[in-house]
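Here are some notes for a colleague who is opening this entry for the first time. Please read them with the sequence and the model side by side.

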Amino acid sequence: MPLYEFRCAQCGPVERSFPMSDVPEHITCPRCDAASPRRITGAVLHGSSPAKRLIESTERSAHEPEVVSSLPPARSAASPRKVSRNPLHQKLPRPE
Ligand SMILES: [Zn+2]
């Protein structure tokens with residue numbers, strides 16, 4: 001179901017889903033119970049909803065990936081690998 005935007009005079013925009021064939025002209029605000037008229041925008045296609053922003057950022061990353069100009073700093077020089085001194089660990093299988 002598409003999202004429709006209503007506007008409460010007190011609380012601002014309120015988004016609700018309705019079937020396209022059954023969209024009321026007013027709803028009661030979920031916060032203050034005031035009558036909130038439907039905005040002319042109709043079904044939501046604007047970019048302010050979190051879902052829409054996520055979709056846009058995902059599409060953007062496919063076409064315009066962030067450019068990396070150098071390798072990340074090497075970790076081995078700064079922090080040498082920790083070596084266990086526990087003799088039981090000597091018996092564990094080793095990577096090939
Ligand atoms: Zn309200």
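1. Where is Asp33 found? Asp33 sits in the loop between β3 and β4, and, in this predicted model, the residue has a positive phi of about 65° although it is not a glycine. As background, most residues other than glycine have a negative phi. Asp33 counts as exposed, because its relative accessibility is 60% and the cut-off for that word is over 50%.

2. The metal site deserves a careful look, beginning with its ligands. The zinc ion is coordinated through the SG atoms of Cys8, Cys11, Cys29 and Cys32, at 2.2 to 2.4 Å. Along the chain, these donors of the zinc ion follow the spacing C-x2-C-x17-C-x2-C. Two of them, Cys11 and Cys29, link distant parts of the chain, being 18 residues apart: Cys11 belongs to the loop between β1 (3-8) and β2 (12-17), while Cys29 belongs to the loop between β3 (26-28) and β4 (35-43).

3. Why is the arrangement around the zinc ion called tetrahedral? The four donor atoms subtend angles of 100 to 113°, and the label therefore applies, since four donors count as tetrahedral if all angles lie between 85 and 135 degrees.

4. The accessibility of the zinc ligands can be followed residue by residue. Cys29 is buried, with a relative accessible area of 0%, and Cys8 is buried as well, with a relative accessible area of 1%. Cys11, by contrast, counts as partly exposed, because its relative accessibility is 28%, and that class lies between the limits of 20% and 50%.

5. With cysteines in view, a reader may ask how many disulfides a search of the whole structure finds. The search returns zero disulfides, and the SG atoms of Cys8, Cys11, Cys29 and Cys32 appear instead as ligands of the zinc ion.

6. The aromatic side chains give a further point to check. The count comes to one aromatic pair: the rings of Phe6 and Phe18 have their centres 5.9 Å apart and their planes at 75°, so the pair is edge-to-face. This pair also links distant parts of the chain, with Phe6 in strand β1 and Phe18 in the loop between β2 and β3, 12 residues apart.

7. Are the two partners of this aromatic pair, Phe6 and Phe18, buried or exposed? Phe6 is buried, with a relative accessible area of 0%. Phe18 also counts as buried, because its relative accessibility of 14% falls under the 20% limit.

Note on methods: Residues numbered from 1 in each chain as written. Predicted model: local features only at pLDDT ≥ 70, side-chain atom pairs only at ≥ 80, totals over all residues. Heavy atoms only, no water. Donors = N, O, S within 2.8 Å, 3.2 Å for Na, K, Ca; no water. Tetrahedral: all angles 85-135°; square planar, octahedral: opposite > 155°, others 65-115°. Helix = DSSP H or I, 4+ residues; strand = E, 2+ residues; numbered from the N terminus. Buried < 20%, exposed > 50% of the residue type's maximum accessible area, 1.4 Å probe, protein only. Disulfide = S-S within 2.5 Å. Phe/Tyr/Trp six-rings, centres within 6.5 Å; stacked < 30°, edge-to-face > 60°.
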